[in-house]
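Me: I'm new to reading protein models. Could you walk me through a few features, one at a time?

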Amino acid sequence: MTDAWFDDAAGPVVRPYAMTRGRTRPDARLRLDLIALVTADDDALERAEHAAPADHRAQDDAPGHPVHPGPAGPTPATGFAPEHLTIVRRCSGDPQSVAELAADLDLPVGVVRVLVSDLVTAELVRVTRPVPPAELPDETVLREVIDGLRAL
Amino acid sequence: MAFGRSEPGARPTPAPTALKILVAGGFGVGKTTFTGAVSEIKPLRSEEALTEAGRPYDDLGGVEAKATTTVAMDFGRITLSASMVLYLFGTPGQDRFWFLWDELAQGALGAVVLVDTRRLEESFAAIDYVERRGIPFAVAVNLFDGAPTHPVPTVRAALDLDPDVPLLLCDARRRESAREVLVALVEHSLRTAAARQHLPAAP
């Protein structure tokens, strides 16, 4: 009986990818490495909070009003999830790597990638590109690493 | 570059350069201990949920089986200077998550392969992988208490290592020891980078 699996009967629906509205891939133009560093602009938190319209939340709370997920794809106009704001907050002082954010938020890396890519699209955070894949960093960088390690 | 678009306004606070080193080796060989010994943060764990599609024709008679596997990575961080941060990633012990290794390996400075002389074969897969990918690596023999220690040349021969691959003895619990291994690895990466530059362009 498939009829039995509607609404509440289907069980808890807030799985990690629910907060990405089912999207499992970030914006295709972004390839967010595990060590890509995410930095939030000074006024990013304020702007992110304003970007979450109140009517979105009211709709969620309306009894008997099923919430339909929005269309796939970054649509920041529909507001940010609390996790988006947490990421902005974490990245406001020191830059944080994607891996650190995933560990701090206790979310799969894939989810964090989608959330960060939303924030990049909304121009709330900046992401540094790590070393190009399949390339070793140049000798100057390697020498700096050796010096840094020796000085520890 | 796509990332250029993500810089609104004129406030270019330069983010440090992020670099990574893999810490590989078999199960229970001390990867997390090694990472924790040099990391300035308690090793963190991040997880990637992977959905594996079942084989198209399997014993389930056409039922598409899917299993979600959670793969964990342990990692640590070392701030080398104001402009440079080094991340250490402990690779998952299970060989079947090779696709995750590929992502971890991209752009890595090199890899430390930890071995336990009591179970050398546990680290064969890691050595195979980094050799095949051409990732510069150093082998560190983790000296567990009471582990029978073999002379370095014996271990080198048993692992069939190229003569230029650094092989060190270490105590993964000690910060200085782990640091020495990292220095030896990056020196090896530097030699490899220099050698590649002087070669004519070849795969």
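Reply: Sure, let's start with exposure. B:Asp160 is exposed, because just 9 other C-beta atoms lie within 10 Å (buried means 20 or more other C-beta atoms within 10 Å, exposed 12 or fewer, partly exposed in between, with C-beta atoms placed from the backbone). A quick note: this is a predicted model, where local features need pLDDT of at least 70, side-chain atom pairs count only at pLDDT 80 or more, and totals for chains, interfaces and linings use all residues. Residues are numbered from 1 along each chain as its sequence is written, while chains are lettered from A and ligands numbered from 1 in the order in which they are written.

Me: Where is B:Asp160, and what is its phi?

Reply: Most residues other than glycine have a negative phi. B:Asp160, though not a glycine, has a positive phi near 55°. Look for it in the loop between α4 (152-159) and β7 (167-170) of chain B (helices are DSSP runs of H or I with at least four residues, strands runs of E with at least two, numbered from the N terminus).

Me: And A:Glu123: what is its phi, and how exposed is it?

Reply: Its phi is positive too, about 60°, and A:Glu123 is not a glycine. This residue sits in the loop between α5 and β3 (125-128) of chain A. A:Glu123 counts as partly exposed because it has 16 C-beta neighbours inside 10 Å.

Me: How do I read two packed helices?

Reply: You describe them by the angle between their axes and the distance between the axes. Take helix α3 (residues 82-90) and helix α5 (residues 109-121) of chain A: their axes come within 10 Å and cross at roughly 75° (axes are lines fitted to C-alpha atoms, for helices over the stretch in contact, and angles run from 0 to 180 degrees between N-to-C directions). So α3(A) and α5(A) are roughly perpendicular (that label covers 65 to 115 degrees; under 35 is roughly parallel, over 145 roughly antiparallel, and the rest oblique). Among the contact residues are A:Ile87 of α3(A) and A:Leu119 of α5(A) (in contact means C-beta atoms, placed from the backbone, within 7 Å).

Me: Last one: how are the strands of chain A ordered in the open sheet?

Reply: Strands of a sheet pair through backbone hydrogen bonds, either parallel or antiparallel. Here three strands of chain A form an open sheet in the order β2-β1-β3, with antiparallel pairing (two strands pair if DSSP finds at least two bridges between them). β2 (96-97) and β3 of chain A are the edge strands, each pairing on one side only.

Key. Contact = placed C-beta atoms within 7 Å.
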